[in-house]
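This report describes one protein chain, moving from its overall layout to selected side chains. The sequence and structure come before the discussion.

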Amino acid sequence: MEHPEFFRLFQFAATDARFTDGLRRGEKVAVNEVAKHVADAIEAGEIADQDPLLLAHAMLGVHTHLVHLVHRGLMEPTEELIDTAVSFSLHGLGSPAATS
């Protein structure tokens, strides 16, 4: 992780009521931005027609969990980890060949 101090700062901020509203607003902005890209991909026929907002939450949830594991030293930030996260976001548990 390139800047673990930022991660720790956000973790701390999440425990302090003075910062939770701002963090939630930022989270909402991030989810809505991802949902726009997901909706564009649905429109282009690149991914299955599902709720873009729900898919955005799922994608960010998976990636956030992996960041937590890396930050806690339980996983290494390898190319395999990144490739797996991207593949999961694009294909779920299905085979990339089956979803192409």
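How many helices and how many strands are there in the chain? The model is a predicted one, and its chain holds five helices and zero strands. Read along the sequence, the pattern is α-α-α-α-α.

**Overall layout**

The C-alpha trace spans about 45 × 30 × 20 Å along its principal axes. The chain has 100 residues, of which 16% count as buried. Its exposed surface comes to about 7500 Å², and carbon and sulfur atoms supply 61% of that area. Among contacts between residues at least 6 apart in sequence, 36% join residues at least 24 apart.

The chain carries 7 positive and 15 negative charges. The mean positions of these two sets lie 14 Å apart.

**Salt bridges**

As a general point, side chains of opposite charge can pair when their charged atoms come close. The cut-off applied here is a side-chain nitrogen of Lys or Arg within 4 Å of a carboxyl oxygen of Asp or Glu. By this rule the chain has three salt bridges. They are listed below with the N to O distance of each pair.

| Positive residue | Negative residue | N to O distance |
|---|---|---|
| Arg 18 | Asp 16 | 2.6 Å |
| Arg 24 | Glu 27 | 3.7 Å |
| Lys 36 | Glu 33 | 3.2 Å |

Is Asp 16 buried or exposed? Asp 16 counts as buried because its relative accessibility is 13%, and the limit for that class is under 20%. Its partner Arg 18 has a relative accessible area of 68% and is therefore exposed. The salt bridge between Arg 18 and Asp 16 thus joins an exposed residue to a buried one.

Where do Arg 24 and Glu 27 lie? Both are in helix H2, which covers residues 17-43. They are three residues apart, about one turn of the helix. Arg 24 has 44% relative accessibility, so it counts as partly exposed. Glu 27, at 47%, is also partly exposed.

Glu 33 and Lys 36 belong to helix H2 as well, and they too are three residues apart, about one turn of the helix. Glu 33 has a relative accessible area of 37%, which means that it is partly exposed.

**A nonpolar surface patch**

Which residues form a nonpolar patch on the surface? The patch consists of Phe 6, Leu 9 and Phe 10, and together these residues have about 340 Å² of accessible area. Phe 10 lies in helix H1, which covers residues 4-14. Why does Phe 10 count as exposed? Its relative accessible area is 52%, and exposed means over 50%.

**Leu 90 and Ala 48**

Leu 90 is placed in helix H4, made up of residues 79-91. With a relative accessible area of 52%, Leu 90 is exposed. How far apart are Leu 90 and Ala 48 in sequence and in space? The separation is 42 residues in sequence and 9.9 Å in space, taken from C-alpha to C-alpha.

**Summary**

The predicted model is a chain of five helices without strands. Helix H2 contains the pair Arg 24 and Glu 27 and the pair Glu 33 and Lys 36. The surface includes a nonpolar patch of Phe 6, Leu 9 and Phe 10.

Conventions. Residues are numbered from 1 along each chain as its sequence is written. This is a predicted model: local features need pLDDT of at least 70, side-chain atom pairs count only at pLDDT 80 or more; totals for chains, interfaces and linings use all residues. Side-chain values use heavy atoms; hydrogens and water are left out. Helices (H or I, at least four residues) and strands (E, at least two) are DSSP runs, numbered from the N terminus. Buried means under 20% relative accessible area, exposed over 50%, partly exposed in between (1.4 Å probe, protein chains only). Contact means heavy atoms within 4.5 Å. Accessible areas come from the Shrake-Rupley method with a 1.4 Å probe; for residues, only the protein chains shown count as cover. Lys and Arg count as positive and Asp and Glu as negative; His and the chain ends are not counted. The place of a charge is taken as NZ of Lys, CZ of Arg, CG of Asp or CD of Glu. Patches are made of residues with over 30% relative accessible area and no salt bridge: like charges are joined within 9 Å, nonpolar side chains (Val, Leu, Ile, Met, Phe, Trp, Tyr) within 5 Å.
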